[in-house]
Amino acid sequence: MTDAALPAGASAPDPSAAIKKRLAARYRAERRFRAYGIAAIAVAVAALLVLVGSIVSQAYSAFWTYELALDVTVDPERIPGDPSNPADIQRGDFGVMLQNALRGEFPDETRNARIRELLALSTRLNSATLGRRVADNPALIGQTIRFKMPISDEVDRYLKGQATGRDWVRLDAAPAVTPDADGETAALRLSPADAARIADAVGDAEPSVIVFSNGGAWRLSGPAAQTAEGEQLIAPGAPGVEDRALILSTPEADRRVSDAQIAWTETLRARGDVKAAFNTYLFANTDSREPELAGVFAALMGSIFTMLVTMVLAVPVGVATAIYLEEFAPKNRWTDLVEVNINNLAAVPSIVFGLLGLAVFINFLGMPRSAPLVGGLVLALMTLPVVIISGRAALKAVPPSIREAALAVGASRTQAVFGHVLPLAMPGIMTGSIIGLAQALGETAPLLMIGMVAFVADAPTGVTSPATVMPVQIFIWATSAERAFEARTAAAIIILLSLMILMNAAAIFLRRKFERRW
Amino acid sequence: MNDREPGGHAAPLTPPTPVVQTHDMHGHPLASLPVKVCTRDVDVFYGDKQALFGVSMDIPDCSVTAFIGPSGCGKSTFLRCINRMNDTIDIARVAGSIEIDGANIYDRGIDPVLLRARVGMVFQKPNPFPKSIYDNVAYGPKIHGLVSTKDETDAVVEDSLKRAGLWAEVADRLDAPGTGLSGGQQQRLVIARAIAVKPEVILMDEPCSALDPIATAKIEELIDELRENFCIIIVTHSMAQAARVSQKTAFFHLGKLVESGPTEEIFTNPRDERTQDYITGRFG
Ligand SMILES: Nc1ncnc2c1ncn2[C@@H]1O[C@H](COP(=O)(O)OP(=O)(O)O)[C@@H](O)[C@H]1O
Ligand SMILES: [Mg+2]
């Protein structure tokens with residue numbers, strides 16, 4: 001260090017000793033400051049990691065889903081009207097076809113309550129998808145087709161291990177099953193080793209135990225013993241899970257998926273009809289009351305339309321304002337006033353812009369509610385001050401020598417500004433604009449005020465059709481009761497964050513591209 | 001690039017203007033040089049603060065006039081009056097008259113943009129545009145419509161760079177950024193940019209203060225050559241430089257023009273005590 005360079009052991013009480021002392025203190029201060037800086041960064045990084053980590057850990061299960069594939073017979077009798085007219089075809093009763101297909105998987109089940117439970121494995125809303133597929137290809141009428149649909153959200157949660165703890169016990173020997181007369185219950189005889197192992201896995205708790213054998217499934221009514229009473233869930237005979245016991249740690253009353261549904265699901269899984277897949281519904285579908293069908297597509301399109309309106313309004317107006325105020329406007333009381341007001345505008349809470357939008361655009365000008373046009377206008381008002389302020393800062397940062405150089409060879413003010421100053425300020429202006437837009441992309445409150453919180457079943461096709469946006473969609477899902485929306489909320493947050501990262505990456509890219517040294 | 005070079009070296013380095021004799025056999029300036037810039041009672045105010053007080057002087061054509069004086073005395077302010085660069089400062093206000101070739105440049109009918117095409121300026125810190133060397137030089141002629149074809153532009157660029165003594169160094173890299181040159185080269189590029197619009201007067205505000213001695217010598221040599229065709233006004237804080245390059249010198253102090261006259265007289269036989277003190281280094 002520099003200390004070593006100082007003459008060591010100088011005998012005279014010269015000023016160098018004092019300087020040395022001061023120098024050491026100065027270095028200490030610098031080291032301290034660096035430590036503070038590193039500590040601050042470490043805290044920030046840790047907080048970021050925790051945030052992203054918690055969102056990702058919640059969201060990742062929403063990016064894949066279990067699909068139920070059924071052989072559906074497209075029954076011509078259930079399609080009234082002209083079978084070559086797509087509109088007529090879509091009016092067909094595809095829900096019943098789906099139900100019949102599902103019932104066909106377990107034909108022995110005749111109890112009505114059980115059948116209702118069975119049909120709850122997939123929502124009736126899937127019939128619309130089937131109807132569209134048949135309408136697109138009327139040749140399918142009368143055929144049996146393989147139709148894939150997302151399994152019910154509660155079953156999906158069970159399959160992902162979120163509904164209950166699951167423990168599989170392999171049985172060494174197939175239990176001897178003696179069904180009673182009405183087929184509702186059966187006496188099960190387990191081998192001593194199997195009975196002991198099940199009892200072991202069960203422990204002290206009182207969980208549900210489902211024994212699978214020969215394609216059938218029974219729920220044990222009492223403790224696992226060599227001879228046990230079992231309620232029949234699935235009649236034996238068809239292919240299914242072989243010789244296993246499933247121990248569910250959460251009692252049936254405490255979960256939204258019943259033992260019978262679990263037995264059917266496991267049997268379907270064993271038959272290869274239930275498989276995990278990438279959750280395309282999350283991206284391709286619009287919002288739905290059924291979490292397994294709900295997707296962000298409408299919100300994404302809404303966000304894109306809204307951002308387009310915001311961009312088209314806020315960026316040109318903001319940049320032009322910045323250029324005028326910075327380069328052309330005389331510096332007087334009026335421009336000072338304008339400047340102060342722009343700065344204040346940037347600090348106005350965003351919901352106030354929503355109120356303004358409601359009062360002016362919707363109530364006074366009569367623009368449509370819930371439309372991206374109004375949302376974009378409101379967000380443009382909110383973004384303008386940011387664009388103006390960052391644009392002015394970027395223009396200010398261009399060295400005055402460039403301006404002088406242009407003026408001195410006889411360029412007019414406009415030529416100097418647009419030919420020399422603006423290109424140099426462009427990276428800064430664009431970064432500021434994109435950051436402003438990214439802010440607008442994440443804005444919720446003002447859009448709630450103008451009705452963009454409505455349930456939107458169809459993706460918007462233009463700036464005047466009803467729409468919602470990503471952050472509002474997140475808000476809607478976060479306040480929904482279904483547990484499955486929790487993961488989807490987190491997934492939507494990740495999609496929104498990716499969108500923002502994409503925008504910021506674009507900002508960096510543009511910055512690099514336009515950046516020139518001077 | 002080579003393809004920009006019009007056939008061989010036929011193009012003359014300087015236009016065939018007759019060499020104006022500026023000194024007699026003893027080195028004294030000839031009185032016959034026409035007056036190019038004539039200022040009367042020029043006052044400049046920055047807001048309430050007066051920076052120049054009644055400056056009246058005649059600046060001859062085809063010669064170098066040097067402004068000297070302690071810093072803050074108003075040399076740059078006066079220089080910037082001559083091409084109305086002070087117009088770009090909101091708080092600056094100019095009174096009095098400045099005539100170029102007998103026409104007051106502060107008259108209502110004078111467009112400062114056109115004026116600046118006639119009065120070029122070189123600044124203390126080299127300020128090439130962040131563009132190619134070629135575009136730097138071609139910019140002025142293009143915006144003033146002095147050139148219309150690519151060939152004409154090429155010719156003007158080459159001619160200007162040659163006159164600025166930079167052609168040999170950059171002929172093979174006209175597409176390289178002007179900001180990538182050395183400080184001295186940048187300053188010569190800026191001079192080339194200024195002479196490309198064929199000005200009559202060139203103002204230079206301490207053009208060498210950011211340069212090393214070798215680059216400075218080159219610029220001084222260049223100024224001496226340019227003198228034949230332009231009226232050059234140079235602000236300098238180096239009295240040696242003023243003595244080397246100028247024929248006329250004006251000494252400013254506290255916003256006032258103390259005295260002006262042929263350079264040799266100012267340096268050998270100043271009439272004012274303050275001039276005496278300044279050139280002998282008693283204050284500065
Ligand atoms: N843009 C400006 N605004 C206000 N005052 C200025 C400005 N430019 C120069 N001045 C003032 O005018 C006086 C003369 O400055 P200047 O002409 O730059 O001096 P010099 O070039 O001789 O060093 C100084 O007092 C300076 O503070
Ligand atoms: Mg100066």
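This note walks through a predicted model, starting with chain A and ending at its interface with chain B.

1. Domains of chain A. The domain assignment splits chain A into three parts. Domain 1 covers 31–163 + 272–279, domain 2 covers 164–255 and domain 3 covers 297–514. Note that domain 1 is written as two segments. The centres of domain 2 and domain 3 of chain A lie 61 Å apart, taken over C-alpha atoms.

2. A nonpolar surface patch. Look next at A:L48, A:L51, A:V52, A:V56 and A:Y60. Together they make a nonpolar patch on the surface of the model. Their combined accessible area is about 460 Å². One of them, A:Y60, sits in the loop that links α2 (15–59) to β1 (64–73) of chain A.

3. Extent of the interface. On the chain B side, 22 residues are in contact with chain A; 20 residues of chain A are involved in return. The two chains bury about 1700 Å² between them, and 60% of that is on carbon and sulfur atoms. Three residues stand out: B:F129, B:P130 and B:Y139 supply 28% of the area that chain B buries against chain A, more than any other three residues.

4. Polar links across the interface. How many salt bridges does the rule find between chain B and chain A? It finds one. The side chains of B:R80 and A:E404 form a salt bridge, with 3.0 Å from N to O. Four residue pairs are in polar contact between the chains, both residues at pLDDT 80 or more.

5. Elements on the chain B side. α2 (112–118), β6 (119–122) and α3 (133–143) of chain B each give at least two residues to the side that touches chain A.

Technical notes. Residues numbered from 1 in each chain as written. Chains lettered and ligands numbered in written order. Predicted model: local features only at pLDDT ≥ 70, side-chain atom pairs only at ≥ 80, totals over all residues. Heavy atoms only, no water. Domains from an automatic or database assignment. Patch = residues over 30% accessible without salt bridge, like charges linked within 9 Å, V, L, I, M, F, W, Y side chains within 5 Å. Areas by Shrake-Rupley, 256 points an atom, 1.4 Å probe, with all protein chains shown as cover. Salt bridge = Lys/Arg side-chain N within 4 Å of Asp/Glu carboxyl O. Helix = DSSP H or I, 4+ residues; strand = E, 2+ residues; numbered from the N terminus. Contact = heavy atoms within 4.5 Å. Buried area = accessible area lost by both parts, 1.4 Å probe. Polar contact = N/O pair within 3.5 Å; in protein donor to acceptor, adjacent residues only side chain to side chain.
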